[in-house]
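Biologist: Could you take me through how the helices pack in this model, starting with one pair and working towards the core? I'd enjoy a close look.

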Amino acid sequence: MISTKGRYAIRFMIDLAEQPFNTPVPLDETASRQDISKKYLELIVKMLVKGKLVKGTSGKGGGYRLLRKPEEYTVGEILELTEGTLATVACLDAEAEPCPRKSFCKTLPMWKKFDDIVHDYFFNITIADLISGDL
């Protein structure tokens, strides 16, 4: 399940993308437009800054801005940054201990195929696609 953290991060990125490119957008303005608590949005934005998806500028005229064009951001990268792994089952998590049942597990191929579908879906949708409604 995708939490509010992931959903709000995508909304935040869309909001920035809809503003004039390379213009810092104050966090309180985005929080107001998106009806998200500024305090909660600050936590999400810290993750996006650390992940080098956005850049913040402090002081008068400061705010946040995208570092790339909207078509260069995928929903998948935003979700993985804010949610962590999107793996359906623990044994497919990249950081999981090797599963002792892997060589004979009858369900693993099903979970792997499902994870591939989810990955391909989210990594083929960009912020620009969401803005244009071109899904």
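Modeller: Happily! In this predicted model, H2 and H3 form a right-handed crossing. Their axes come within 10 Å and cross at roughly 115°, so the two helices are roughly perpendicular to each other. On the H2 side the contact uses Leu27, Asp28, Thr30 and Ala31, and H3 answers with Lys38, Leu41, Glu42 and Val45. Sorted by class, the contact of H2 with H3 has 4 nonpolar, 1 polar and 3 charged residues.

Now to H1 and H4. These helices pack at an angle of about 135°, with their axes 9 Å apart, which means that H1 is oblique to H4. H1 passes H4 in a right-handed crossing. Here Lys5, Gly6, Ala9, Ile10 and Met13 of H1 meet Val75, Ile78, Leu79, Thr82 and Glu83 of H4. The residues of this contact divide into 6 nonpolar, 2 polar and 2 charged.

That brings us to the core. The largest nonpolar core has 28 residues, and the members touching the most others are Phe12, Met13, Leu48, Ile78 and Ile127. Helices H1, H2, H3, H4 and H5 each give two or more residues to this core, and H1 gives the most, with 8 residues. Ile127 deserves a closer look: leaving aside neighbours within four places in sequence, Ile127 is in contact with Ile10, Met13, Ile14, Ala17, Pro70, Tyr73 and Ile78. Among these partners, Ile10, Met13 and Ile78 also take part where H1 meets H4.

How values were computed
Residues numbered from 1 in each chain as written. Predicted model: local features only at pLDDT ≥ 70, side-chain atom pairs only at ≥ 80, totals over all residues. Heavy atoms only, no water. Core = buried A, V, L, I, M, F, W, Y, C linked by side-chain atoms within 4.5 Å. Buried < 20%, exposed > 50% of the residue type's maximum accessible area, 1.4 Å probe, protein only. Helix = DSSP H or I, 4+ residues; strand = E, 2+ residues; numbered from the N terminus. Contact = heavy atoms within 4.5 Å. Axes fitted to C-alpha atoms, helices over the stretch in contact; angles between N-to-C directions. Parallel < 35°, antiparallel > 145°, perpendicular 65-115°, else oblique. Left-handed = near helix turned anticlockwise from the far one by under 90°. Nonpolar A, V, L, I, M, F, W, Y, C, P; charged D, E, K, R; others polar.
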